[in-house]
Each structure stands twice: as structure tokens, then as C-alpha cells.
Amino acid sequence: MKNENYLDLNFKDIHAPFEVDRRDFLKIIGGGLFVLFTVGDTLGYIQQEQRRRGELPTDFNSFLRIDEDGKVTCFTGKIEMGQGIITSLAQMIADELDVALDSVQMLMGDTDLCPWDMGTFGSMSTRFFGPPLRAAAAEARIILLELASEQLKVPIEKLSVDKGVIYEKTKKRNKVTFAELTKGKKIERHIKEKPVLKDPSQFKIMNKSYTRVDSIEKVTGKAKFSGDIILPGMLYAKILRPPAHGAKLVDADLSEVKKMNDVIVVQDNDLIAVLHKYPDVAEKALLKIKAKFLPSESKLNNENIYEHLIKMAGDGRVVVNTGDVKEGEKGSASIVEETYYDSYCAHSPIEPRTALANVDGDKITVWGSTQNPFTAKEEVARALGVASEKVRIITPYVGGGFGGKTTNLQIVEAARLTKLTGKPVMVAYTREEEFFFDAFHPAAIVKVRSGINESKEISFWDYKVYFAGERGASHFYNIPNSITKSYGSGRGSAANVHPFATGAWRAPGNNTNTFARECQIDIMASKAGIDPLEFRLNHLTDKKFIEVLKTAGKKFGWKSSYAFPSGRGFGIACGSDAGTVVAMIVEVDVNKKTGNVKVKRVVCAQNMGIAINPQGATIQMEGCIMMGLGYSLTEEVMFSNGEILNKNYDNYDIPKFSWLPKIETIILDKKNEPPQGGGEPAIITVGAAIANAIYDKLGIRLNRMPMTPERIKEALSVKG
Amino acid sequence: MPELIEFKLNDKAVKLNTDGERMLLWVLRTDLGLLGTKYGCGEGFCGSCTVIINNKAERSCGITVGSVRGKDVITIEGLMKNGKLHPLQKAFAEHDALQCGYCTPGMIMNAYGLLIRNPNPSYDEIINEMENNLCRCSAHKRIVDAVQTASAKM
Ligand code: FES
Ligand code: FES
């Protein structure tokens, strides 16, 4: 594919001067060369969404500066939470601009310095943000070439660029550096036309593996997370919490805590907090508050939740409808009807939500661990009743997000408390608060009815998903008669649906949908008496799926088997997320006595288009696989009547070292195809691949995640 | 009640006046300004707060500052020597054994404790020793590789 297709965007000149006056923007950041750019049509839907919510995006999304020292800085509202865009975005810039990677700096997630951005999620940074970023760098290179041409008195065609130096091709000593060209100038450009981007064959830095650019800071303990920002006179706040979601405060006796030395007590409507210069002292002080709460009215728990969800589902939306399911049913030799269940899961980043807020005159600044600083800014402005330009959110390194750090309660709380006390205030959640206030991966149900005809082909597919949403819901197999319907929303559903907040959890909805679809396909394969890999291939024409499946099969050493179960413990699944297509094969062992599943080996092949940083992409795949073991095998938020029973890691098991399988990843070499998502796709197939492997080992079907030892033992006892 | 507490921290003597019942983690992070040691759970489950006390990896969220009196405490900040990265730090960076990096100081300190005791641990010994250090980004595979590389270099 040529650059034309690679960069499928329209660039328009933007005349509005990006709120410069208000923020004295250029004054703050000094001289040099600026290229402002906007993420065009591809992000149109995001901007629409933003308008729908009544927020106006600024009309450029980011910009690039080459300062007077020749240093390149990209200012972007995206944030770094471990996914590695601090490296891969810098690679794009360095390559297009012909500078060394280490001369590019990323300034991320500061709402005063960076233009508006929706947030960092959905594996969108590289896909949608990458192309315009590259274009901006390419544009900057052209401007610099023009300047150099004037200065060196050599036509542009005779110039070449390397590591920030422009020189005459035939006379290398005739040269000038980027720094010399930008010195003492302030050049501001908007991208007007599509600049010519490099062809993948010209890449020197993109599509090459680099280790993280932030690793030295992180291995030395110098990297600053929100909790590591220290201001003179700051106080740590601990906030009174209800015992359960929906529990109402009746009365709080503050007399004891008010007697404590150096402890400040704040009461502002629903917000009761104690503050001290030491977090541990504040925590002790909090225990002195005697509070009475009315119990929550919620009667929901892990067992009755599914019945409740079905009741709340309402009318479904048809996602896809082809052929005639009724006709398909008539032509079926056998029909399989199954219901699949998924649980609430926590994001549980090791860094709990944290924020430090400071008030200075009428300006509030908050350093917060968030995936969407610009949303946080509006939230703070609303909560404080101040104009949003009076609020600045700065995002230091974020210690993991996975979709969770998009609700910013701790930021709002810190901001309220700094305003109330006039002092810098840190709100750092405890692990218990982190569990309690998480917006969980929603519990969900999928009902599938499907049939096989005499020729061992799938004759119809009737798929209904409840509360996981549409991501990954529609299948990609050749099935003549098929309907997919989605009930309820996949995230942040209406009140009364879930007993607490739910939200996007790494590859939202797709883990549930891929689990249901790929388990059902496996059941169909065994009904048909056809090897599960062959059966999938028989029903596929999409080349991407065929290629990843075959690649994974080859790497794994898959040999067709027509015994169901085969006893080998092999399971397979495939799916697509964020534009990337993925196939996974796992091998498991199950201890029949304890019900423990050991995933021994995972082979994963994915087609993600060009990988900007292949090593970074590999690490994301490894992370997806390992993290996926958690939602598949153990992770389930336990709750009862609004109370979250998981208060710490002693009863919420996330994957540990001893779970580590042998992991083999393959990224198909697709240099000439546009980049697709990398942070989420490989997680979607883990659940189904394991469920199918457990079936292949023992002949039992686990239709409910997580597949805990208890559920396995139960299935074994039912089977007898 | 505030009391005088003295111990060795990253090769330097420290003296402070504080309540000996306070947890070392918070004293390190607040009174002593060493922010590399992280809070993850506060109850000994995650290992983010791991430091070395008298050559052993310990969880500073569950150890009172009073109990380290006279002892030798090393934190992530004390691992670099003469401006040079410790082999473990180097190996973590080279193997990309981190993503968000929040668990990293604790991982490195825990591995350091292991290598002090057992300079050539087997794969299984590494897994065993690191078991209760949690990494949500799931960098486990590379962390094991990094510890192996570092042990070969030390
Ligand atoms: S914070 Fe100490 S073990 Fe988690
Ligand atoms: S690197 Fe993020 S928790 Fe380990």
C-alpha cells in the first residue's frame, strides 16, 4: 500500500489560533518552529461525540515544536500508562523528521500545554493519531529544508537530512543544523496539504524495535507518578466512605477526630475528610470518626445478578442480520443452544487512583493519574463551579489504566479539598478504595443458538449479548443465516442496572463476546466431528483470519484431531479487535482434584498492520495474554447488597509469576498496511482458548468465567 | 509518641524524630522524601513497597520505623553506585521488563534480595521468590528474563 492510503486523512488549514491569547501559549513555550495539526476525518466521530456532550474541541489536536536547540517536542493530550506510546509516537516523529530518537521529547497530558484530546483508550493512539503526527513531522522537515535551502543557497533536491543536520548531498561540509535554522525564530505553520510521508521502505526508526524511552527513570525510582509530586505544606486527605454502594450517611460524629493535634477536619455536604501531613496519620484519624449509614437498598449479589440483568435488558438492537434464521433452523441436522456468563472484573492497576491538587489564586492545578485529563478538567470545573480555563490537569506517569482511570473522582475530591482548605491536598486511594470506586468490567450474558446441517456447515447463528456491548459481537464466519442482537449497554449502563459503576475494561466487551462465540464454534466443531482448527478454516474466507489461524497452528505444531475431547488439552480461538486480527492456541493441564488449571503454553499470532515498535507490540501481546489469564480463571468481583467484598489482593487474584506459561507471539510482517490497535487485541481470545482447552482435556464445558477451581470441580462432578 | 530513631539508609546514617509505630513506607516517602518505594496495597500482598533491610527483602508497608532502628535499609534510590546502574536495573531496562513501571522498584528490590541470598537462582527459584510481587501490566516474562541476565552478570 502506498502512502496515499496509509494516510487516509484530509488536512485542512485551521485558522483559529487555538486559544493562544487566553493561555499566552507561545509565550510559555518560547521560540522555535511549530507545526500545528489536527486529527482530521478519521477522528470525526470522536469530535461529534464531543459536540454531542456540549464540549467544544479546539480545532487542532496536537503540535510539534522544534526549539532553538534543535530539540523536538511533541505536545499531546495523550498519556503514558505503560502501553508504550511515549516510545512509538516518538519513533514516528524521529523517522519522518530525520532526527535521532533520543532528541524527541513527548510532553503528554498537560491540559494547559497540550491541545484538547479525548483521552487515551481504545488502542487509538497509533491508529488515528499516528498518521497526522507523522504528517506534522514531515511538514516540519519540509519547512526546515526550505530554510536550509535559502541559507545554504542550494536547491532542496540537492539536500539531504540526517540526525537533525541538513547538508548538501555532494558537499557534506556545506551543512546546517535544525537548531541553527530555528534559532531566534518563531515560525508557526498549520498543515495545509498532505505532506509526502516516507514509504515503509525508507523507514529507519519505525518498524524497528526499541526499548522503552522511559525505562531508566522507571528502574531508578525517579519516574514521577501522581503520588510522587510533592509540594511544600501539602496535606494528605483521607475521606469517609460508605460501607456499600447506595448506603446513605445518617450521622457522623467528628468530636473525637477534632481533638487530634495537627489534623484538619473538613465537612462539605457529602464530603467528610481528615487531613494531615502524613498519610498514615490521616488514615488513623479517619478511624476516629463514628459514622452511621443506612444500608444500601441493593439486594444484588454474584448469584442473582444474571437474572436481574436479563430483566433489565429491554429491547435489543439488531447489530447484523443476514439471511433467514428460521430457514436455517429448518435445514439443521442438530442445534446447539448455550448461555455464557461473564463476571464483574476490576481494573486493579498497581497504582491506585491518586491526585494532588493545589490552589493558587483562582487557578487550580491537579496532578492526577488519569487516562483522560481533559475530561477531568471539565469535571473539576463543574464540581467547583469555576470556568474550565481556571483548571489545569497535569498527568505524570500513570501506573496502569486498562480503561479504568477514566473516572476521575479522586481528582475532583482533591480539587474540592484544596479549594476548601487553601492548601495543596493529596488524595491517594487505598487499595480498598481503588476496588470500591472502580468502574468494573460489566457482568454479561450471551445466549447463542446455532445449528449444523448435513454437510457439516453452520446453518444458522442466533446471537444475543446482554450488557457486554457490540464490540466483537458480530462474527466473521460464513454463515448463511445469522442474526446478532445486543441488549443493554456495554458500559456505564443506566442506574439500577448494575449495583455500582461499570466501564471500559481492556478491549471492552470483546472478551465476553469472543468467549461466547469461540466456545460455541468449538461445540459446533465437535458436533460436526471436525477438528476445531479445520472447522474454523472451513467457515472462513477472510484472508486475515485464515492467515493468523494457520500461522498460529504452524507455530504450535497443531495436528488435526477428530476425537472430542482429544485429551491433549489444546484449545483454539480467534477474533478481531481495534482493527487487529488475532488467533490463539493454548495448552492446559487441569488438576482434577483441586480443579486448578495450569496454562502451559500460549501461541498467539496477530495481524496488526505495520508495527511501529515491534518489540513494544510484542510486550503488549505478552501483557494481554498474562492479564487474560486473570479474567479467564480467577477474577470476579464479589459483592452483596452494594458492598464490595474484595478489599485487597488476598481475595482478588490477579495473575502471578507462577502462572506464567510459555508465551510465543508472532506479529505478521505487514509493513505496507496501516497500523492497527496493539494494546488490547490479544486479550480477547484468552478465555475461549482456555475453555476450549479444558474441554479438550476433560470433556467438560465451562460456560461461565472465571473458570475457577470450584466451577471446574462442579462441572467434573456433574459429568461424573 | 515521637522518639529518636537512627538507622542506616542507603549507606548514610539517618536520624529522625517520629512515632516509632509508623510504617517505614510512609516515613521513607514523606519524612525522608524517598519516593521510589511505592504503595500498592498497604497490607503485604503486592510487594510494590519492597526494600532491603539487613540484606533481606522486606515489605515496608508492614514494618514499623521503630523496628529498623540500628539496621541497614536500602531502597531503590540506593541501588545505583557511583552513578552507575545496578546490573538488575540495567537488565530490567534492557529487557523492557516494565510497562507502567509502578511495580518496578519493588520488583527490582525483591530480586535484589534474592540475588544477595542466592546469586545464581534457577528459573523456579526466581518464580518462587517473585511470586508475591504483583504486576498488573503483566511484564512477568521479561522480569524473569531480566533477573536471570542480572544474576549471570553479578
Ligand atoms: S504496599 Fe506493601 S506489599 Fe503492597
Ligand atoms: S509494570 Fe505496571 S504494574 Fe508492573
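Chain A of this predicted model contains 21 helices and 28 strands. Its radius of gyration is 27 Å, close to the 27 Å that the globule rule gives for 720 residues, so chain A is as compact as a globular protein of that length. Of the contacts in chain A that join residues at least 6 apart in sequence, 77% are between residues at least 24 apart. Further overall values for chain A are listed below.

| Property of chain A | Value |
|---|---|
| Span of the C-alpha trace along the principal axes | about 80 × 75 × 45 Å |
| Buried share of the 720 residues | 63% |
| Exposed area | about 27000 Å² |
| Share of the exposed area from carbon and sulfur atoms | 50% |
| Distance between the mean positions of the 95 positive and 89 negative charges | 3 Å |

Helix 10 of chain A, which covers residues 279-286, has as its buried residues A:Pro279, A:Asp280, A:Ala282, A:Ala285 and A:Leu286. Within chain A, the buried residues of this helix pack against strand 9 (235-239), helix 9 (255-258) and strand 12 (271-276), and they also pack against helix 1 (24-31) of chain B.

Over all chains, the structure holds 21 aromatic pairs. In one of these, the ring centres of A:Phe476 and A:Tyr477 lie 4.7 Å apart with the planes at 40°, so the pair is tilted, as the angle falls neither under 30 degrees, which would count as stacked, nor over 60, which would count as edge-to-face. Both A:Phe476 and A:Tyr477 are buried. Elsewhere in the sequence of chain A, ring pairs link A:Tyr344, A:Phe440, A:Phe500 and A:Phe639 into a cluster.

Methods
Residues numbered from 1 in each chain as written. Chains lettered and ligands numbered in written order. Predicted model: local features only at pLDDT ≥ 70, side-chain atom pairs only at ≥ 80, totals over all residues. Heavy atoms only, no water. Helix = DSSP H or I, 4+ residues; strand = E, 2+ residues; numbered from the N terminus. Rg over C-alpha atoms; globule rule 2.2 N^0.38 Å. Buried < 20%, exposed > 50% of the residue type's maximum accessible area, 1.4 Å probe, protein only. Contact = heavy atoms within 4.5 Å. Areas by Shrake-Rupley, 256 points an atom, 1.4 Å probe, with all protein chains shown as cover. Lys, Arg positive; Asp, Glu negative; His and termini not counted. Charge placed at Lys NZ, Arg CZ, Asp CG, Glu CD. Phe/Tyr/Trp six-rings, centres within 6.5 Å; stacked < 30°, edge-to-face > 60°.
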